[in-house]
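Reader: I've got a model open and I'd like to go through the labels on it. Can you take me through how each one is earned?

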Amino acid sequence: MECSPSPSSSSSSSSLSSFCILRKPCPSLPSFTTFYRKQQQQRPLTQLSAVSYNKFIHLALDESKRHTHLVPSPLQERYNSMISMDGDAELQMLSFKAAKIRLLRSLCIETQTMQVLDFAVFPEPEYDMPIFCANFFTSANVNIVVLDLNPLHNVIIEREYRDKYYKSLIPLGVKYAELLPWGGKLTSESLKFFSPIVIWTRFTSSSNNYEILYSAFMDYYKAWLELMDQAVVETNASQIKRNREAQHRYLTWRAEKDPGHGVLKRLIGETQAKDLLVNFLFNGIDNLGSKSFLEYFPEYCCEDGTINQNRSIIGKSYENRPWDRKGEFVSNNFEN
């Protein structure tokens, strides 16, 4: 999962009757662990069983096939399905690759009390395209959503890159920002991994809200596929190296700070949870680069050389959407 609200933010995470679940994160959602524990103690509600994120996955795969030729990833043989330690949850995984796609993968988790969707598409390093990211958490009462075209390079300081990929998409972002309001405090560390059109929201469960979310997912994914169609292969070795390192940095952050780690740990144990994060969800850490988390983010180094487990070191968070309707970053729109 990815998208990280500040430590002080609460972790509370359709008629779409054919959904199934996925899970995950974008640099970091609120930690789901505490919320998950509460949900485990609650009586399952029939409303939850009517929601399934399979429809999202099927849509994405069908749309992808209209634009490129998908073939199964080598990861598919090892990562396809798992049963939780208590036998009450099934984790379903799919993975593919294509000419411009290094990895398209999904993780779907479903229990009687929650559903999680983690769907992402990573481009080959020869392209500086954004990373498609959809992280949805659903319980009987609340939903936590992060949907974005995560920028490969920092859109806050690199205007040329921002204009290249997001200028034409600002109206789309504004549309859904109104329908799916900002979800509360988001750490400044996480913000650098998001674009001006990011949807970070929380809402109560209802058929109308699910229809809006489904529509947003469709529109965002189709927009990403159009960017893929237009993408021209990079031939400059130094730029390819830069793209590779940027994606490796993103994966390294996500694998270490993903807020879904706690839920995975409770479901399948620490060893398998870590393996799933590093080798499936954020695959590429071992072959796109060699830098460690602390080499990328030295501010997280404790005196004993270990990684600080807090999500925010700077201590700044954004209570309201930090981009205006033109996609301009509002730098003073943060709180301690």
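Author: Sure, and let's begin with the word "buried", which stands for under 20% relative accessible area. One thing to keep in mind is that this is a predicted model. By that cut-off, both Phe119 and Phe217 are buried.

Reader: What makes Phe217 count as buried?

Author: Its relative accessible area is 0%, and the cut-off is under 20%, so Phe217 is buried. Phe132 goes the same way: with a relative accessible area of 0%, Phe132 is buried too. Across the chain, buried residues make up 59% of the 336 residues.

Reader: Why is the pair of Phe119 and Phe217 called edge-to-face?

Author: Two numbers settle that. The ring centres are 5.9 Å apart, and a pair needs centres within 6.5 Å. The planes make an angle of 70°, and over 60 degrees counts as edge-to-face. Phe119 belongs to strand β5 and Phe217 to helix α7 (residues 207-230), so the pair ties together parts that are 98 residues apart in sequence.

Reader: And what makes Phe132 and Phe217 an edge-to-face pair?

Author: Again, check the distance and then the angle. Phe132 and Phe217 sit 5.7 Å apart, centre to centre, with 80° between the planes; the limits are within 6.5 Å for a pair and over 60 degrees for edge-to-face. This pair links distant parts of the chain, with Phe132 in strand β6 and Phe217 in helix α7, 85 residues apart.

Reader: Which residues form the aromatic cluster with those three?

Author: Besides Phe119, Phe132 and Phe217, the cluster has Tyr53, Phe56, Phe136, Tyr214, Tyr221 and Trp224. The whole structure holds 29 aromatic pairs.

Reader: How do you know that Lys55 sits over the ring of Tyr214?

Author: The charged end of Lys55 is 4.5 Å from the ring centre of Tyr214, and the distance limit is within 6 Å. There's an angle condition as well, within 35 degrees of the ring normal, and Lys55 is listed as sitting over the ring. Arg105 lies over the face of Phe282 in the same manner, at 5.6 Å from the ring centre.

Reader: Which residues have the most contacts inside the largest nonpolar core?

Author: They are Phe119, Phe132, Phe136, Phe217, Trp224 and Leu264, in a core of 100 residues. Helix α7 gives the most to this core, with 13 residues. As a general point, nonpolar side chains tend to be buried together in soluble globular proteins.

Reader: What makes strand β6 largely enclosed?

Author: Nine of the nine residues of β6 (residues 131-139) are buried, so the rest of the structure largely encloses this strand. Both faces are covered: one side has Ile131, Cys133, Asn135, Phe137 and Ser139, the other Phe132, Ala134, Phe136 and Thr138.

Reader: How do you know that β6 pairs with β5 and β7?

Author: Pairing needs at least two bridges. Strand β5 (residues 114-123) and β6 have eight, in the antiparallel sense, and Val116 stands opposite Phe137 there. On the β7 side (residues 142-150), there are eight bridges, also antiparallel, with Asn135 opposite Val146. A hairpin through two residues joins β6 to β7.

Reader: And β1 with β3, what makes that a pair?

Author: Two bridges join strand β1 (residues 71-72) to strand β3 (residues 90-97), and they run antiparallel. The requirement is at least two, so the pair of β1 and β3 qualifies. Pro72 stands opposite Phe96 in β3.

Reader: Asn135 is polar-looking to my eye. How do you know that Asn135 is buried?

Author: The relative accessible area of Asn135 is 0%, set against a limit of under 20%. Its side chain makes a polar contact with the side chain of Asp118 at 3.1 Å.

Reader: Why is the link between Asn135 and Arg254 called a polar contact?

Author: The link between the two side chains is 3.5 Å, and the cut-off is within 3.5 Å, so the contact counts. Arg254, in helix α8 (residues 237-257), is buried as well, with a relative accessible area of 0%. The side chain of Arg254 also makes a polar contact of 2.6 Å with that of Tyr250.

Terms used
Residues are numbered from 1 along each chain as its sequence is written. Side-chain values use heavy atoms; hydrogens and water are left out. Buried means under 20% relative accessible area, exposed over 50%, partly exposed in between (1.4 Å probe, protein chains only). Helices (H or I, at least four residues) and strands (E, at least two) are DSSP runs, numbered from the N terminus. Rings of Phe, Tyr and Trp (its six-membered ring) pair if their centres lie within 6.5 Å; planes under 30 degrees apart count as stacked, over 60 as edge-to-face and the rest as tilted. A polar contact is a pair of N or O atoms within 3.5 Å; within protein, one must be able to donate a hydrogen and the other to accept it, and residues adjacent in sequence count only if both atoms are side-chain atoms. A nonpolar core is a set of buried Ala, Val, Leu, Ile, Met, Phe, Trp, Tyr and Cys residues joined through side-chain atoms within 4.5 Å.
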